[in-house]
Amino acid sequence: MKQYVYKTHGTCSQFINYEVDDNGRIHYVQFAGGCDGNLQGIARLVEGMTAHEVIDKLRGIRCGYKETSCPDQLAAALSQYVSSSNV
C-alpha cells in the first residue's frame, strides 16, 4: 500500500491522510481537524472503495456557505491521485 497526504483548502480540516492498495482501493482515510465524528463516518464509508467511486459520490458537496467541504476535498485528493497515477 502507498500512503498519501493531501493539504486541504477551504475547510476546517488541514489535511487528509489516506492509503491506496495495489488494486486501487482506498484504505485508512484520516482527516486532521474538522468535525471528528462526521469525518470518521466518511472514512469508514469509503473504506475499500475505488478512487473513482469515491470521487463520483463526494465531488461537489458543499459545507454551508463554503465552496467546498471535507468530502469534496477528499474527492479532490483522490482526483489528484488518479491524475498522477494514470488510474
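A crossing of two helices is called left-handed if the near helix is turned anticlockwise from the far one by less than a right angle. In this predicted model, helix H2 passes helix H3 in such a left-handed crossing.

**The pair of helices H2 and H3**

The axes of H2 and H3 come within 9 Å, and they cross at roughly 145 degrees. On the side of H2, the contact is made by Ala 51, His 52, Val 54, Ile 55 and Leu 58. The residues that H3 brings to this contact include Pro 71, Asp 72, Leu 74, Ala 75 and Leu 78. Sorted by class, the contact of H2 with H3 has 10 nonpolar, 2 polar and 1 charged residues.

**The nonpolar core**

In soluble globular proteins, nonpolar side chains tend to be buried together. The largest nonpolar core of this model has 23 residues. Those that touch the most other members are Tyr 18, Val 29, Phe 31, Val 46, Val 54, Leu 74 and Leu 78. Two or more core residues come from each of strand S2 (15-20), strand S3 (26-32), helix H1 (36-46), H2 and H3. Helix H3 gives the most to this core, with 7 residues.

Val 54 belongs to this core and also to the contact of H2 with H3. Apart from its neighbours within four places in sequence, Val 54 is in contact with Ile 26, Val 46, Met 49, Arg 59, Leu 74 and Leu 78.

**The loop between S1 and S2**

Thr 8 is placed in the loop between strand S1 (2-7) and S2, and Thr 11 is in the loop between S1 and S2 as well. Are these threonines buried or exposed? Thr 8 has a relative accessible area of 5% and is therefore buried. Thr 11 counts as buried because its relative accessibility is 18%, and the cut-off for buried is under 20%.

Polar contacts made by the side chains of these residues, together with one made by Ser 69, are listed below.

| Side chain | Partner | Distance |
|---|---|---|
| Thr 8 | backbone oxygen of Ser 13 | 2.5 Å |
| Thr 11 | backbone oxygen of Ser 13 | 3.1 Å |
| Thr 11 | side chain of Thr 8 | 3.4 Å |
| Ser 69 | backbone nitrogen of Asp 72 | 3.1 Å |

With neighbours within four places in sequence left aside, Thr 8 is in contact with Ser 13, Gln 14, Phe 15, Ile 16 and Gln 73. On the other hand, Thr 8 and Asp 56 are 48 residues apart in sequence and 18 Å apart in space, C-alpha to C-alpha. Thr 11, not counting residues up to four places away in sequence, touches Lys 66, Thr 68, Ser 69, Cys 70 and Gln 73.

**The loop between H2 and H3**

Ser 69 lies in the loop between helix H2 (51-58) and helix H3 (70-85). Its relative accessible area is 3%, so Ser 69 is buried. Beyond its neighbours within four places in sequence, Ser 69 is in contact with Thr 11, Ile 61, Arg 62 and Cys 63. The side chain of Ser 69 also reaches the backbone nitrogen of Asp 72, and Asp 72 is one of the H3 residues in the contact with H2.

**A residue with positive phi**

Which residue has a positive phi although it is not a glycine? This residue is Tyr 28, with a phi of about 45 degrees. Tyr 28 is placed in strand S3. Because its relative accessible area is 42%, Tyr 28 is partly exposed.

Key: Residues numbered from 1 in each chain as written. Predicted model: local features only at pLDDT ≥ 70, side-chain atom pairs only at ≥ 80, totals over all residues. Heavy atoms only, no water. Helix = DSSP H or I, 4+ residues; strand = E, 2+ residues; numbered from the N terminus. Buried < 20%, exposed > 50% of the residue type's maximum accessible area, 1.4 Å probe, protein only. Polar contact = N/O pair within 3.5 Å; in protein donor to acceptor, adjacent residues only side chain to side chain. Contact = heavy atoms within 4.5 Å. Axes fitted to C-alpha atoms, helices over the stretch in contact; angles between N-to-C directions. Nonpolar A, V, L, I, M, F, W, Y, C, P; charged D, E, K, R; others polar. Core = buried A, V, L, I, M, F, W, Y, C linked by side-chain atoms within 4.5 Å.
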